[in-house]
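Visitor: Please show me the model, and let me ask what stands behind each label.

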Amino acid sequence: MKLLQFFRPKPSQPTIDIYSQPIGVSPEQVQSLVEWLFASLLNAGYRGKSHLIWYDSNNPDPSLEQTIQKLIRRDEPIFLYRCSNRTMPLSQQYYWRMMEEQPSMRVYQL
């Protein structure tokens, strides 16, 4: 399977797939965050697909856990924006690292 990926053309810029809906986040904040994340990926030289999850611990979506398990197997960057007080719990094999570079202090990388 990885052999087929070798022959695929490399994207010229990163893409960000978004999961769930931002709760309590203004459209300006959403745009600012996506722009910051896009610029960070470009700065790191990453040109592939990445994933952004909007997570609200006050109203958790059980399907997001399954989605994350599928995304982990793809070996692509996964980010989480914490819309409420807590991050999504994960199995002991993984953890969320706060991205202190982002001023909101609500962005985490798996």
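Visitor: What follows α3, and what is the sign of its phi?

Guide: Aspartate 75 follows α3, with a positive phi near 60°. Helices are DSSP runs of H or I with at least four residues, strands are E runs of at least two, and both are numbered from the N terminus. This is a predicted model, in which local features need pLDDT of at least 70, side-chain atom pairs count only at pLDDT 80 or more, and totals for chains, interfaces and linings use all residues. Residues are numbered from 1 along each chain as its sequence is written, and side-chain values use heavy atoms, with hydrogens and water left out.

Visitor: Which residues of α3 are called buried?

Guide: In α3 (residues 62–74) they are Leu64, Ile68, Leu71 and Ile72. Buried means under 20% relative accessible area, exposed over 50%, and partly exposed in between (1.4 Å probe, protein chains only).

Visitor: Why are the buried residues of α3 said to line one face?

Guide: Seen down the axis, they fall within an arc of 105°, so they line one face of the helix. The arc is taken from the directions from the helix axis to the C-beta atoms. Pro62, Gln66, Lys70 and Arg73, on the other side of α3, are exposed.

Visitor: What covers the buried residues of α3?

Guide: The cover includes β1 (15–19), β2 (49–55) and β3 (78–82).

Visitor: With which residues is leucine 33 in contact, leaving aside neighbours within four places in sequence?

Guide: Leucine 33 is in contact, meaning heavy atoms within 4.5 Å, with Leu52, Trp54, Tyr81, Gln102 and Val107.
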